[in-house]
Amino acid sequence: MVLDQIELWARDFTKLPVYWLNGLAGTGKSTIAQTIAERMFAEGQLGASFFCSRDFEDRSNLHFIFPTIAVQLAQRYTEFRSIFVSLVDSDPDVAHDSLSNQMDKLIVQLLKETSISTIIVIDALDECKDKESTSAILSVLARFVLQVPKVKFFLTGRPEPRIWKGFHLPLLTKATDIFLLHEVKPDQVNSDIRQFFKESLLELAYHHPGLDHWPAKEQMDLLCERAAGLFVYAVATVKFIDSQNYPPKKRLDLLLQSPGGSVHVGGTEFEENTSLDSLYRLILQGAFKSDGAEDDPKVHSVLAAIVLAANPLSPSAIATLLGVDPEDVTPILSSIHSLLILHEDISKPVRPFHKSFPDFITNPTRCTNQKLCISPSHHLGLLVLCLNLMNNTLEKNMCQLPEAVNNSQVEDLQERADKYVSQGLQYACRFWHKHLVNEPTTKRDEITSALYCFLQKKFLYWLEVLSVLGAVRNAVDALKFVADTLQTSADLNQDTSLLDLANDCFRFVMGFFEVISTSAPHIYHSALPLSPKESLVQRYYGSQADPLAKVICGVPDLWDPSIANARFPERISAVGWSPCSRFIAVTWAASPKIVILDAVTLKQLYTVYPKSRGSHWGKIVFSPDGHLLVGYSWFACIVTWDLQTG
């Protein structure tokens, strides 16, 4: 019924251009979005799709949505592609503009010019990182959606306050059909879930002889009762029953013998006598041995790596991180396969099949068995694993790059990275600092020792890897975060020499950011020979310097007080510094535009164009929360911009 209604909307371009499938967690929104995308693609109507996910950095970043959609439209439609290529050639930084400029330049203007009729699908808007009280994406969509009447937008998301407010903006309200998935009549939902159970279990019975007339009607009734309208429960149940190691009949009996309870999904408590939490608990208990076997810590480590990873890890990467054989990880993943999305290829990332599982296992009020629960302190265990992996495996010129070459000159750079730097080591290099949390720990000495070893012996090799991966910005974030944490953590701030070393490494990266980003070999050819004579980096690594020219004079003794500097061809009229210390706003006397810079690297992030093109700004300041920018014009006007939407 739901799919039929959506398909009728999709095919009828006289209907409203926006459709919001609104539903609570576990009600099947993403499954429906995937199905609609597949059907529209089969009919040649799908222009582009973006499936947001908090598990992946690039799929939770709002600024990736419109550029990704534009690229897909260019791949799909020849007429769109020709204009798109010309636009990117003339304005290569367009993908770094504000959300408003992105949608206007990359999508709206091009769709107007080509008159393409298409459907765009965006799933799980609530999983994007959005600081606005009203969804930034929806604020932008509200401005432009009526300008492209031949384009339809199918969107899904939980009814969170910022999403709800976005769809109730005046311009978007009159353009949107809203379907409340969780308000579908219970009889209809239960009928769909029963049908899902019937077809799925019938398929299982077909592959297992002796399961005629299985399951019994009473068992089917109990399964549907426990599902309580949640498709996520039904899917997890079928995945649990379909085990390679146990007969389906025994798995179903075990499940139905377990006690029921209340279901929590996304902080919402559902009907009693049904329990998603109980199902998760039962599955997890099967992975842990009742006698506290020696494998239990390994199970816990695997679960922590899956749930707490900054970016999903593959089974092979998890094994590398834990220092075990992949064959030791595979059985653990198999024992909880019903909670995960697994692939036959162990190099593909493994992640929770639904966000309600990490919500459960990291919440001690729901996952009351401490043996099963993953707490924030488990981050520190992952931190030690990352540091140990880097300390044990990082080497000079791991990717075997030719001498003095720029990264861009190495045609097989990515292939070299994949060949010589394992997935686990790539993860550790990119994200180790994400696991440095300010939690009480007994690992203080272990963490301090590992950090000392890393910064004193492996620092430059780490920068090499980040240079090859195009992720030197991660080094800036990591070292700044380490220095800040060492200053504030009661457990880690007892040794000021480690703080001094972290700050010195930070200055090295800041001072030679362009060099390191451009060429990994030039860390030794250029950056190191020119670093201050009395710097700690020079003390520990100076013997590895390999200058291509002899440095006779000009190398300072100490770091310059200025952390970064940039030159501009025009006279700057105003500068603003964001409260979070991440952004700088700059405007020029001869230009009305305002450029937002990365406060660390001084790289241009995006540009804000005032509606009043004749304005020149005498002062610009950020709001206290950093979301807004306020400009005072010499022409006696004050303008406020939303920094996400532009």
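**Entry 1: the parallel sheet**

I began with strand 1 (residues 18-22) and strand 4 (residues 151-157), which run parallel and are joined by five bridges. Looking for the partner of Trp 20 in strand 4, I found that its bridge goes to Leu 155. I note here that the model is a predicted one, and I read the entries below with that in mind.

I then traced the whole sheet to which these strands belong, and I recorded five strands in an open arrangement, in the order 2-3-4-1-5, with parallel pairing. At its edges I found strand 2 (46-51) and strand 5 (176-180), each of which pairs on one side only. From one strand to the next, I noted a twist that averages 15 degrees.

**Entry 2: helices on that sheet**

Which strands does helix 1 lie across? I listed strand 1, strand 3 (118-123), strand 4 and strand 5 for helix 1 (residues 2-11), and I wrote down an angle of about 165 degrees between this helix and strand 1. Helix 3 (residues 65-76) also packs on the sheet, where I found it touching strand 2 and strand 3, and its direction makes about 150 degrees with that of strand 2.

**Entry 3: backbone details**

I looked next at backbone angles, beginning with two residues that have a positive phi without being glycine. Ser 115, with a phi of about 55 degrees, sits in the loop between helix 5 (99-114) and strand 3. Ala 124, with a phi near 60 degrees, belongs to the loop that runs between strand 3 and helix 6 (136-144).

Are these residues buried or exposed? Ser 115 has a relative accessibility of 43% and so counts as partly exposed, whereas Ala 124 is buried, with a relative accessible area of 4%.

I also checked the peptide bond from Trp 214 to Pro 215, which is cis, with omega near 0 degrees. I placed Pro 215 in the loop between helix 9 (186-206) and helix 10 (217-227).

**Entry 4: cysteines**

How many disulfides does the structure hold? I counted zero. Cys 52 is in no disulfide, and I found its nearest cysteine sulfur, that of Cys 128, 3.5 Å away; the cut-off I applied to a sulfur pair is 2.5 Å. Cys 52 has a relative accessibility of 5%, so I entered it as buried.

Why is Cys 429 without a bond to Cys 386? The closest cysteine sulfur to that of Cys 429 is in Cys 386, and I left this pair unbonded because the 9.0 Å between the two sulfurs is too far for a bond. Cys 429 is likewise buried, with a relative accessible area of 1%.

**Entry 5: nonpolar cores**

Cys 429 came up again when I looked at the surroundings of Trp 462, since leaving out residues up to four places away in sequence, I found Trp 462 touching Met 390, Leu 394, Cys 429, Trp 432, Phe 454, Ala 475, Ala 478 and Leu 479. Trp 462 is, together with Trp 432, Phe 459 and Phe 508, among the residues with the most contacts inside the largest nonpolar core, which has 149 residues. Helix 21 (residues 444-469) contributes the largest share of this core, with 15 residues. Apart from it I recorded another core, of 46 residues, which includes Val 18, Phe 84, Phe 153 and Leu 172.

**Entry 6: a helix pair**

At what angle do helix 14 (residues 296-308) and helix 16 (residues 326-335) cross? I noted roughly 75 degrees, with the two axes coming within 10 Å, and I therefore entered helix 14 and helix 16 as roughly perpendicular to each other. On the side of helix 14, the residues I listed are Lys 298, Val 299, Val 302 and Ile 306, and these meet Asp 328, Ile 332 and Leu 333 in helix 16.

**Entry 7: the antiparallel sheet**

My last entry concerns an open sheet of three strands, in the order 14-15-16, with antiparallel pairing. Strand 14 (617-622) and strand 16 (637-642) stand at its edges, and because each has a single partner strand, one side of each is left without a neighbour in the sheet. The twist I noted here averages 20 degrees from one strand to the next. Between strand 15 (residues 628-633) and strand 16, which run antiparallel, I counted six bridges, and I found Ser 633 opposite Cys 637 in strand 16.

Note on methods:
Residues numbered from 1 in each chain as written. Predicted model: local features only at pLDDT ≥ 70, side-chain atom pairs only at ≥ 80, totals over all residues. Heavy atoms only, no water. Pairing = 2+ DSSP bridges. Helix = DSSP H or I, 4+ residues; strand = E, 2+ residues; numbered from the N terminus. Axes fitted to C-alpha atoms, helices over the stretch in contact; angles between N-to-C directions. Contact = heavy atoms within 4.5 Å. Buried < 20%, exposed > 50% of the residue type's maximum accessible area, 1.4 Å probe, protein only. Core = buried A, V, L, I, M, F, W, Y, C linked by side-chain atoms within 4.5 Å. Parallel < 35°, antiparallel > 145°, perpendicular 65-115°, else oblique.
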